[in-house]
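Grab a coffee and open the viewer: here are a few short exercises, each with a worked solution. Try each task yourself before reading on.

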Amino acid sequence: MTYSNGGHGLDAVDGDGYSTWDAAYVLGALSSTERREFETHLQTCDRCRSAVAELSGMPALLGLLSEGDVRGLDGDQPEPPPLRRNAGFPTCGSSSTRYSRSSTCSAT
Ligand SMILES: [Zn+2]
């Protein structure tokens with residue numbers, strides 16, 4: 001992931017291996033171990049901390065969007081095609097026990 005972070009262009013190569021973790025951290029893509037590691041790093045790294053603060057607005061926006069999308073999908077979702085129940089029906093009729101058929105297939 002490459003993006004410019006203000007005037008700290010050179011900082012990206014000074015050994016900060018966490019410079020690309022901010023987005024993953026904000027999006028919750030880091031494992032619990034990685035998250036703890038990154039949070040420890042945030043305490044000592046102003047650049048990553050500001051990057052996280054900057055990005056932290058994103059999930060909220062995404063959340064709002066996805067919420068609306070879900071609602072839209074719920075309303076517009078086409079009904080699934082009806083199941084062909086007849087396909088499984090013969091198992092009832094083909095039963096050799098004639099008398100039990102009325103009870104086992106009472107639903108029909
Ligand atoms: Zn950092």
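**Exercise 1: a loop residue**

Leu30 counts as partly exposed, since 17 C-beta neighbours sit inside 10 Å. Keep in mind that this is a predicted model.

Task: work out where Leu30 lies and which residues Leu30 is in contact with, leaving aside neighbours within four places in sequence.

Solution.
- Step 1: find the element. Leu30 is in the loop between H1 and H2.
- Step 2: check the class. Buried needs 20 or more other C-beta atoms within 10 Å and exposed needs 12 or fewer. Leu30 has 17, so the label is partly exposed.
- Step 3: list the partners. Once the neighbours within four places are set aside, Leu30 touches Trp21, Ala24, Tyr25, Arg35 and Phe38.

**Exercise 2: Tyr25 and its surroundings**

Task: is Tyr25 buried or exposed, and which residues is Tyr25 in contact with beyond four places in sequence?

Solution.
- Step 1: place the residue. Tyr25 belongs to helix H1, which spans residues 21-26.
- Step 2: count. There are 22 other C-beta atoms within 10 Å of Tyr25, so this residue is buried.
- Step 3: read off the contacts. Beyond four places in sequence, Tyr25 meets Leu30, Arg35, Phe38 and Val52.
- Step 4: add a backbone distance. Tyr25 and Arg35 are 10 residues apart along the chain, and their C-alpha atoms are separated by 6.5 Å.

**Exercise 3: Arg36 and Ala23**

Task: classify Arg36 and Ala23, then give one C-alpha distance for each.

Solution.
- Step 1: start with Arg36, a residue of helix H2. Arg36 has 11 other C-beta atoms within 10 Å, so Arg36 is exposed.
- Step 2: pair Arg36 with Tyr25. They are 11 residues apart in sequence, and C-alpha to C-alpha the gap is 9.9 Å.
- Step 3: move to Ala23 in helix H1. Its 15 C-beta neighbours inside 10 Å make Ala23 partly exposed.
- Step 4: pair Ala23 with Ala51. Here the sequence separation is 28 residues, while the C-alpha atoms are 8.3 Å apart.

**Exercise 4: the whole chain, and how far to trust it**

Task: how many helices and strands are there, and where is confidence lowest and highest?

Solution.
- Step 1: count the elements. The chain has six helices and zero strands, so the order from the N terminus reads α-α-α-α-α-α.
- Step 2: look at burial and contacts. Of 108 residues, 6% count as buried. Among contacts with a separation of 6 or more, 51% join residues 24 or more positions apart.
- Step 3: check the confidence. Mean pLDDT is 71, with 44% of residues at 70 or more.
- Step 4: find the extremes. Helix H5 (residues 90-93) is lowest, with a mean of 56, and helix H2 (residues 32-42) is highest, at 96.
- Step 5: flag the weak stretch. Over residues 4-13 pLDDT stays under 50, and the model has seven contacts beyond four places in sequence for them.

Technical notes:
Residues numbered from 1 in each chain as written. Predicted model: local features only at pLDDT ≥ 70, side-chain atom pairs only at ≥ 80, totals over all residues. Helix = DSSP H or I, 4+ residues; strand = E, 2+ residues; numbered from the N terminus. Contact = placed C-beta atoms within 7 Å. pLDDT = per-residue confidence, 0-100.
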